[in-house]
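Me: I am new to this structure and would like a close look at a single part of it, with the terms explained along the way. Could you take the barrel and follow what is built around it?

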Amino acid sequence: MAGNWKMYKTAAETAAFFEKFRPLVEQSGHCDIVICPPFPSLAAAVAAAHGSRIEIGGQNLFWAKEGAYTGEVSGPMLVAAGAKWAIIGHSERRQYFGETDESVLKKTVAALEAGLRPIVCVGERLEQREAGQTEAVLLNQFRDGIAKLDPEQFAKIVIAYEPVWAIGTGRTATPEIASEAHRFIRGQIEAHYGKDAAAQTRILYGGSVKPDNIKGLMAQREIDGVLVGGASLDAVGFASIVNF
Ligand code: PGA
């Protein structure tokens, strides 16, 4: 159960969130819990989560370890800050910051080399869904990105299916629509990496996940967890998602 805070919460707001959130998920041993704050709030999140089961992730990284890349942050820097995870290729990164399947692959490899667990995002835009291209889009994103990992690298990633039309729009994919896309992705994994890998890969759903729709989504066998944006900003709300 992963929270993507996007560009929300200062360090002080992060500390306040954890004070409320921590006790609410103390007993939640059924899942991994990950919070991905903006970079300047990473240290506050790591300190506030210390000694709990909650792990911290970055929302992006650059593939070089260091160098003259103004404004970028590397995998080893995230690790040094205490992060264990990194979201990669989120649709907002693809849409506003020019990320491609190629950059997503480079960042995924860099994250793995740094020892981070990548949460790699895929998903179609509204016009692609309406044109009946969902499977073709997912296939391309898989083939040009994820499928270039070797099996050992692949075993360490988590995939997030995030239909772009459901992100921040209040329009959740129905559990059936999400499930169908997950099944398609899992089929690609099976074809490429084999049955065991397909069964073991965690595929998260993301897009307007809320406390009132989490049960229906998690009831689907294909949905292994969720990547939550807006609803992860509220400690009580996100705890109720974690403890669905
Ligand atoms: P949302 O965002 O839950 O606010 O729709 C999901 C995401 O972008 O990961």
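Reply: What follows starts with the strands, moves to a helix that packs beside them, and ends with charged pairs and two unusual backbone angles.

This is a predicted model, in which local features need pLDDT of at least 70 and side-chain atom pairs count only at pLDDT 80 or more, while totals for chains, interfaces and linings use all residues. Residues are numbered from 1 along each chain as its sequence is written, and side-chain values use heavy atoms, with hydrogens and water left out.

A closed barrel of eight strands runs in the order S1-S2-S3-S4-S5-S6-S7-S8, with parallel pairing; from one strand to the next, the twist averages 25°. Helices (H or I, at least four residues) and strands (E, at least two) are DSSP runs numbered from the N terminus, two strands pair if DSSP finds at least two bridges between them, and the angles, which run from 0 to 180 degrees between N-to-C directions, use axes that are lines fitted to C-alpha atoms, for helices over the stretch in contact.

Strand S2 (residues 33–36) pairs with strand S3 (residues 54–58) in the parallel sense over three bridges, and there Val34 stands opposite Glu55. Further along, strand S4 (residues 85–88) runs parallel to S5 and is joined to it by four bridges, with Ala86 opposite Pro118. S5 also pairs with S6 in the parallel sense, again over four bridges, and Val122 stands opposite Tyr161 in S6. Five of the six residues of S5 are buried, where buried means under 20% relative accessible area, exposed means over 50%, and partly exposed lies in between (1.4 Å probe, protein chains only).

Helix H7 (residues 134–144) also has a covered side, made up of Thr134, Val137, Leu138, Gln141 and Phe142, which are buried. Seen down the axis of H7, these buried residues fall within an arc of 130°, so they line one face of the helix; the arc is that of the directions from the helix axis to the C-beta atoms. An α-helix has 3.6 residues a turn, so residues three or four places apart point the same way. The cover over the buried residues of H7 includes strand S5 (117–122) and strand S6 (158–161), as well as helices H4 (91–96), H5 (101–114), H6 (126–130) and H9 (175–193), contact meaning heavy atoms within 4.5 Å.

A salt bridge is a side-chain nitrogen of Lys or Arg within 4 Å of a carboxyl oxygen of Asp or Glu, and by this rule the count comes to eleven. One of them joins the side chains of Lys6 and Glu92 (2.8 Å, N to O). Lys6 lies in the loop between strand S1 (2–4) and helix H1 (11–25) and Glu92 in helix H4, so the pair ties together parts that are 86 residues apart in sequence. Glu92 is partly exposed, with a relative accessible area of 23%. Arg93 meets Glu99 in another salt bridge (3.2 Å, N to O), and Lys107 forms one with Glu99, the closest N and O atoms being 2.6 Å apart. Glu99 is buried at 8% relative accessible area, and Lys107 is buried at 4%. Shared partners join Arg93, Glu99 and Lys107 into one network of salt bridges.

Most residues other than glycine have a negative phi. Lys6, although not a glycine, has a positive phi of about 50°. Ser208, also not a glycine, has a positive phi of about 55°; Ser208 sits in the loop between strand S7 (203–206) and helix H11 (214–218) and is buried, with a relative accessible area of 9%.
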